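The questions below go through a single predicted model, moving between its sheet packing, its strands, its helices and its aromatic rings. Each answer sets out the terms on which it relies.

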Amino acid sequence: MLTEKFTDPQAAVDRVIEIYEHNTAILRDAFKQFAKGEVLQERVRACYPFVRITTEKVTHTDTRQSFGFVAGPGTYQTTLTRPTLFKNYLLSQFKLLLANHQEPLEIGVSDLPIPVHFAFAEGIHVEGDLDPDHLRLLPDVFDLPDLAEMDDRIVNGTYEVDNGGWRDGVHPLALFTGPRIDYSLHRLRHYTATAPQQFQRYVLFTNYAFYVDEFVRMGRELMQATDDPELRTYRQQYTAFVEPGNVTTPNANVEGMKGMPSTGTPPVRQPQMPAYHLQRADGTGITLVNIGVGPSNAKTITDHIAVLRPHGWIMLGHCAGLSSSQRMGDYVLAHAYVRDDHVLDDDLPLWVPIPALAEVQLALQDAVAGITQLEGYELKRIMRTGTVASVDDRNWELRDHRTPLLRFSQSRAIALDMESATVAANGFRFRVPYGTLLCVSDKPLHGEIKLPGMANRFYEQRVAQHLKIGIRALELLRNHGIEQLHSRKLRSFGEPAFR
């Protein structure tokens, strides 16, 4: 494959963009002709751009770094997609590679075809307007998505090494290939009803609509103009609030945005996992996703958001308190997980520990203290650090209690839910910093079960405070800087260089 060599990271990114736009335009133009009924005599194929670096030297870098360098001598390569969306990310990765290895980057066109579906960034359903005859001919004319090219062998560390490398002696340079990223970008649009470019680098997950309602109220309020100088300064850090359907409300406190109308169209029906985005100009705002109930949903959404390379995600949810000393409304800061959810058993063996990340733990603790105005020993009145057990059966209470109670007791679990272990385990698997702060909403082992009247009073009292704590924690992480956040403990042997 012919390549061009670059020592200027910006020029390298610009060349990737040029190749990608040219090749996807070929597919889009050909498909438009095909959809109009024109007979295309030859197969239409266009391939992903790629980046490669080759070094013959042993890697010597700043030992504080957790990414941005290859493991050792060899050739490393990855295919790339949507370079305009990932422009800043690619630029930062290219800069680190050039600085750490003093070797040029090679940019070229790979031999991996771009599926025609993925050439349309807006997620067009290419088969929608085709008659049966054209639909039957589609695979003969265009490349379609190939699941074999978008699995998670790289991120799971289970790919087979062939001749000293991943493929043909070449090692992976990134955790995700172009097709894998494209697949997730299209699924994100489907599940959340917002475009991938709306997502921010810090993410909150919840499983209750109450949190969404409060986040929407807060987001819209932050966009309103205020005469309070201190409040205006805080609000000005966010530029817009985006809801499903890409409904965008500009911030009236930001210069030039006052009086600008909202844009976008609300979806006809709510998506499965709606997402809301409190945006900053540099993309380091906060996204909240209502993932619904269960570990399968938690895995699905984190599988896809991971390709956006967020700086961190936190689970905010409710849990069953297992300790007699806990009270309704107490917070649980997870420092360990019992993984009885099972959805990741084939991707991440149960013997792999999911460690608590100090940076995230401290941010959550400081956020609880700041919002509740409690410190030190007094903070223990409302918050406890301990093990969280996540299960895949919402009605676990209906089983024979002896087996689960023994497991909970032996593991020192103090809280039970259905999503937290999955969110944390996928954070570990995808090298995305993670954390969990739950709120005790019932105590089934002690006769305090969740009933409508009790639940409504609980939600009214705790939801707003819990959400403010989650937002404060992410803002603290952002203010501390990503250099402090992206931990070496999430990186394995021979890691791909891209974060």
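Q: At about what angle to β4 does helix α2 run?
A: Helices (H or I, at least four residues) and strands (E, at least two) are DSSP runs, numbered from the N terminus, and residues are numbered from 1 along each chain as its sequence is written, while side-chain values use heavy atoms and leave out hydrogens and water. This is a predicted model, in which local features need pLDDT of at least 70 and side-chain atom pairs count only at pLDDT 80 or more, whereas totals for chains, interfaces and linings use all residues. Axes are lines fitted to C-alpha atoms, for helices over the stretch in contact (heavy atoms within 4.5 Å), and angles run from 0 to 180 degrees between N-to-C directions. Helix α2 (residues 87-101) lies across β1, β2 (47-55) and β4 (105-113), and its angle to β4 is about 130 degrees.

Q: Which strands does helix α5 touch where it packs on the sheet?
A: Helix α5 covers residues 178-192 and makes an angle of about 135 degrees with the direction of β2. Where α5 packs on the sheet, the strands in contact with it are β2, β3 and β4.

Q: What is the order of the strands in the open sheet of five strands?
A: Two strands pair if DSSP finds at least two bridges between them, and the pairing in this open sheet is mixed. Its edge strands, each pairing on one side only, are β1 (3-6) and β5 (170-172), and the twist averages 35 degrees from one strand to the next. The order is β1-β4-β2-β3-β5.

Q: Which residue in β5 stands opposite Tyr76?
A: Strand β3 (residues 74-79) and β5 pair over three bridges, in the parallel sense. Opposite Tyr76, the residue in β5 is His171.

Q: What is the bridge partner of Glu243 in β8?
A: Strand β7 (residues 240-243) is joined by four bridges to strand β8 (residues 247-250), and the two run antiparallel. They form a hairpin with three residues between them, where Gly245 in the turn has a positive phi of about 85 degrees. The partner of Glu243 in β8 is Val247.

Q: Which residue in β9 stands opposite Phe241?
A: In a regular strand the side chains alternate between the two faces of the sheet. In β7, Ala240 and Val242 point one way and Phe241 and Glu243 the other way, and all are buried, a word that means under 20% relative accessible area, with exposed over 50% and partly exposed in between (1.4 Å probe, protein chains only). Three bridges join β7 to strand β9 (residues 275-279), which run antiparallel, and the residue opposite Phe241 is Leu278.

Q: What is the relative accessible area of Val242?
A: Not counting residues up to four places away in sequence, Val242 touches Gln198, Val247, Thr248, Ala275, Tyr276, His277 and Gln279. Val242 is buried, and its relative accessible area is 0%.

Q: How many of the eleven residues of helix α8 are buried?
A: What covers the buried residues of α8 includes α5, β6 (202-206), β10 (286-290), β11 (312-321), β13 (383-391) and α12 (420-430). Helix α8 (residues 295-305) is largely enclosed by the rest of the structure, because the number of its residues that are buried is ten.

Q: How many degrees lie between the planes of Phe31 and Phe34?
A: Rings of Phe, Tyr and Trp (its six-membered ring) pair if their centres lie within 6.5 Å, and planes under 30 degrees apart count as stacked, over 60 as edge-to-face and the rest as tilted. A search of the whole structure finds eleven aromatic pairs; in one of them, Phe31 and Phe34 are 6.3 Å apart centre to centre and tilted. Both lie in helix α1 (residues 9-35), three residues apart, about one turn of the helix. The angle between their planes is 40 degrees.

Q: Is Tyr238 buried or exposed?
A: Tyr234 and Tyr238 form an edge-to-face pair, 6.2 Å centre to centre with 75 degrees between the planes. Tyr234 is partly exposed, with a relative accessible area of 31%, whereas Tyr238, with a relative accessible area of 0%, is buried.
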